[in-house]
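The exercises below invite a newcomer to read one structure step by step. Each task is followed by a worked solution.

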Amino acid sequence: MKNLLGIGSRIKHEKFGMGVVTNVTSKLYWVTFIDSGLETIELDSKFDTIEAVEDEVDSVSFYEVESTLRNLLKQYSDISEIVPIADKWKGGSITLNPGDPNLASKEIAIDAFFHKIVMVRDRIRVMEQKINSSKNLDDQEKVDLQQYLTRIYGSLTTFNILFKNNSQNFKGEGKSK
């Protein structure tokens, strides 16, 4: 097999004529030809190399790019992970009945309620990260605030029954993180 050509390499193909390599995948060259436009040809296709450009091939896989992007978004944005609700609660509702029988009840879709709970959890996690990375708080202040956050998580453990995956539950002081 020939050496892998990099982006910008010039070739001459017997069918398509003169062209420039514009992208390289694991199996194909994407080549823009003068006469026929963009074509894909297999890496081991028969062609003459007019000018080879080496070390221009990006060898990072799509999976690595996607994984890195997902990690960056998770770390630096308010975009939350997809958290599934337990199957038994899907499509259900919550009814709030006031103590006064003259007042109307309120029904809420449990999926909407669950979404709000997950958003609260995610915002607490962001707050936790900001506290831990703060340059303005001393270590004792960070510990004190972290203890408050742990108590907040503990107050929310009632809602763990809604989560499909136990790994996404709230954890307070009584359980290890």
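Helices, counted when they have at least four residues, and strands, counted from at least two, are DSSP runs numbered from the N terminus. The structure they are read from here is a predicted model.

**Exercise 1. State how many helices and strands the protein chain has, and in what order the elements run.**

Step 1. The protein chain has three helices and seven strands.

Step 2. Read from the N terminus on, the elements of the protein chain follow the order β-β-β-β-β-α-β-β-α-α.

Step 3. Some totals complete the overview: the protein chain has 177 residues, of which buried residues make up 24%, and its accessible surface comes to about 12,800 Å², with 53% of that surface belonging to carbon and sulfur atoms. Among contacts between residues at least 6 apart in sequence, 43% join residues at least 24 apart.

**Exercise 2. Work out in what order the five strands of the open sheet are arranged, and which strands are its edges.**

Step 1. The order in the open sheet is β4-β3-β2-β1-β5, and the pairing is antiparallel.

Step 2. The edge strands are β4 and β5, since each of them pairs on one side only.

Step 3. From one strand to the next, the twist averages 40°.

Step 4. The individual pairings can now be followed along the sheet. Strand β3, residues 28–33, is joined to β4 by six bridges, while β1 and strand β2, residues 17–24, pair over four bridges in the antiparallel sense. A hairpin of three residues leads from β1 to β2, and within this pair Ile-11 stands opposite Gly-19 in β2. On β1 there is also an antiparallel pairing with β5, over four bridges.

**Exercise 3. Sort the residues of β1 by the face on which they lie, covered or uncovered, and follow Arg-10 to its partner.**

Step 1. The covered face of β1 holds Ile-11 and His-13, whereas the uncovered face holds Arg-10 and Lys-12.

Step 2. Across the pairing with β5, Arg-10 stands opposite Glu-51.

Step 3. Glu-51 and Arg-10 also form a salt bridge, in which the closest N and O atoms are 3.5 Å apart. This pair links distant parts of the chain, with Glu-51 in strand β5 and Arg-10 in strand β1 (residues 10–13), 41 residues apart.

Step 4. Partly exposed residues lie between the cut-offs of 20% and 50% relative accessible area. Glu-51 has 42% and is therefore partly exposed, and Arg-10, at 37% relative accessibility, therefore counts as partly exposed.

**Exercise 4. Find how many salt bridges are counted, and describe the one that Asp-87 and Lys-164 form.**

Step 1. The count comes to four salt bridges.

Step 2. The side chains of Asp-87 and Lys-164 meet at 3.5 Å, N to O. Asp-87 lies in the loop between α1 (62–76) and β6 (93–96), and Lys-164 in the segment after α3 (139–155), so that the pair, 77 residues apart, links distant parts of the chain.

Step 3. Asp-87 has a relative accessible area of 47% and is partly exposed, as is Lys-164 with 43%.

Step 4. A network of salt bridges links Asp-87, Lys-90 and Lys-164.

Step 5. Another salt bridge joins Arg-121 to Asp-122, with the closest N and O atoms 3.2 Å apart, and both Arg-121 and Asp-122 are buried.

**Exercise 5. Describe the surroundings of Thr-32, beginning with the strand in which Thr-32 lies.**

Step 1. Thr-32 lies in strand β3, and its bridge partner in β4 is Leu-38.

Step 2. Leaving aside residues up to four places away in sequence, Thr-32 touches Met-18, Gly-19, Val-20, Thr-22, Gly-37 and Leu-38.

Step 3. Val-20 is twelve residues from Thr-32 in sequence, and their C-alpha atoms are 5.4 Å apart in space.

Step 4. With 36% relative accessibility, Thr-32 counts as partly exposed.

**Exercise 6. Decide whether Ser-45 is buried or exposed, and say what its side chain reaches.**

Step 1. Ser-45 is placed in the loop between β4 (37–42) and β5 (47–51).

Step 2. A residue is buried when its relative accessible area is under 20%. Ser-45 has 17% relative accessibility and therefore counts as buried.

Step 3. At 2.8 Å, the side chain of Ser-45 reaches the backbone oxygen of Glu-42.

Definitions and conventions:
Residues numbered from 1 in each chain as written. Predicted model: local features only at pLDDT ≥ 70, side-chain atom pairs only at ≥ 80, totals over all residues. Heavy atoms only, no water. Buried < 20%, exposed > 50% of the residue type's maximum accessible area, 1.4 Å probe, protein only. Contact = heavy atoms within 4.5 Å. Areas by Shrake-Rupley, 256 points an atom, 1.4 Å probe, with all protein chains shown as cover. Polar contact = N/O pair within 3.5 Å; in protein donor to acceptor, adjacent residues only side chain to side chain. Pairing = 2+ DSSP bridges. Axes fitted to C-alpha atoms, helices over the stretch in contact; angles between N-to-C directions.
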